[in-house]
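This briefing moves from one residue to the helix before it and then to the chain as a whole. Please read it with the structure in view.

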Amino acid sequence: MLNKWMFDKKKLRQTPSQSDGVDYLTEIRYRKEGAKFIQAAVKELRLTHDTMATGCVFFHRFFMFHSFEKFNRWVMAASCLFLAGKVEETPKLSKDIVRTAKNLLGKEQFTAFALNPVDEMLIYEKILLQTVKFDFNIIHPYKFILKYAKQFRGEKNRKGDVVQMAWNYCNESFCTPVSLHYPPDVIAGALLTLSAKRCKFNINLSKDIEKDDLYEQIDAPWWGYLIESSTTVDDIEEIQNIMQRLSEEKADLYEDEVDVTACDSPGNEDNELSDVDVEDVAPPPPPRDNKRHIPGLEPSSRAAKRAAIRDIVPTNGSKTDSIPMLGEPHPPPPPAPPSRRRDSGRHRENPGIYDPTRGFL
């Protein structure tokens, strides 16, 4: 791990999901589907792009420590969006998130939310908070795109086209794990460079920068002067290649020699998410043996989740002991305690004979 939340690309082939039998290309597809679902829900709920980006970052970080075999990607994506709304000060009620998920997902996919969808999502949120270590300080490339573009010389309309294209690329980049490998300012520099190539725009920095002695000493393109993080030409080119492969809808975002048919399975031809229509996103679930079966949650998976919950939820007799396990309904409320009101004689069915000195006899 390069720093707290930056991972070497080799770690992407050594994730818990792959240890549980999920192949590399399938994991890339699951990450893309979860991010697309978050983007569709953000559009449906009219949230901000920062909320979308934060939710996607939470999603990618979570599955660097946990397996897709043990945690359903749709429920976790909803939990990431729910938490991101609170972090970015655009909160939504949990029932609104669940209702949106129900509208976007098919009936079979929504069964992963179990019998109590809101409770299931909140339990996932507890595990998410423990995984991300309550670290909510997330910076996205958007601010650097605007910051760097202000230093460009050229026609305002031409610069606007470059910024708009880089902004769109930035939205798409959250469907990939690129935020796990590169800092946001490096991503912004790569996306602006790619957008300038597509728009045939020559990037020239402002005259004040070009007069700077430090600028003349730097033997690198424009981003070598503006980007503060350590980066190389190879890093910039690799991010551009990832976005190129994403736009071409290739299964593997990093290598050409990987067999892209390795993750194909029957019934997955229509597995890609559109902006708002995510019907038929996941492969058909296995036949249910009973009413309590949840697609993707086998008994071993549920046992692992219960173990994860026990590690997070205290068992010292506090109120949190009443939190149900994943997939289980809430227990019925305890009976109301008996009333402590004294039963006076006037409320009795047969008060008896009244004596002025002793009351009812």
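**Thr51 and its surroundings**

Thr51 has a relative accessibility of 0%, and because buried means under 20%, this residue counts as buried. The model is a predicted one, and the points below describe the setting of Thr51 in helix α3, then helix α2, and finally the protein chain.

Thr51 in helix α3
- Helix α3 covers residues 49–62, and Thr51 is found within this helix.
- Leaving aside residues up to four places away in sequence, Thr51 touches Leu81, Ala84, Gly85, Glu88 and Thr90.

Helix α2 and its ends
- Helix α2 runs over residues 24–45, and its 22 residues should span 32 Å at 1.5 Å a residue, which agrees with the 32 Å that separates its end C-alpha atoms.
- Of the 22 residues of α2, 20 are buried, so this helix is largely enclosed by the rest of the structure.
- At the N-terminal end, α2 is capped by Asp23, which places a side-chain oxygen 3.2 Å from the backbone nitrogen of Leu25.
- After α2 comes Arg46, a residue whose phi is positive, near 60°.

The protein chain as a whole
- The protein chain contains 15 helices and two strands, and 47% of its 361 residues are buried.
- Among contacts in the protein chain with a separation of 6 or more, 73% are between residues 24 or more positions apart.
- The area exposed by the protein chain is about 19,900 Å², of which carbon and sulfur atoms supply 49%.

Definitions and conventions:
Residues numbered from 1 in each chain as written. Predicted model: local features only at pLDDT ≥ 70, side-chain atom pairs only at ≥ 80, totals over all residues. Heavy atoms only, no water. Helix = DSSP H or I, 4+ residues; strand = E, 2+ residues; numbered from the N terminus. Buried < 20%, exposed > 50% of the residue type's maximum accessible area, 1.4 Å probe, protein only. Contact = heavy atoms within 4.5 Å. Areas by Shrake-Rupley, 256 points an atom, 1.4 Å probe, with all protein chains shown as cover. Expected span 1.5 Å × (residues − 1). Polar contact = N/O pair within 3.5 Å; in protein donor to acceptor, adjacent residues only side chain to side chain.
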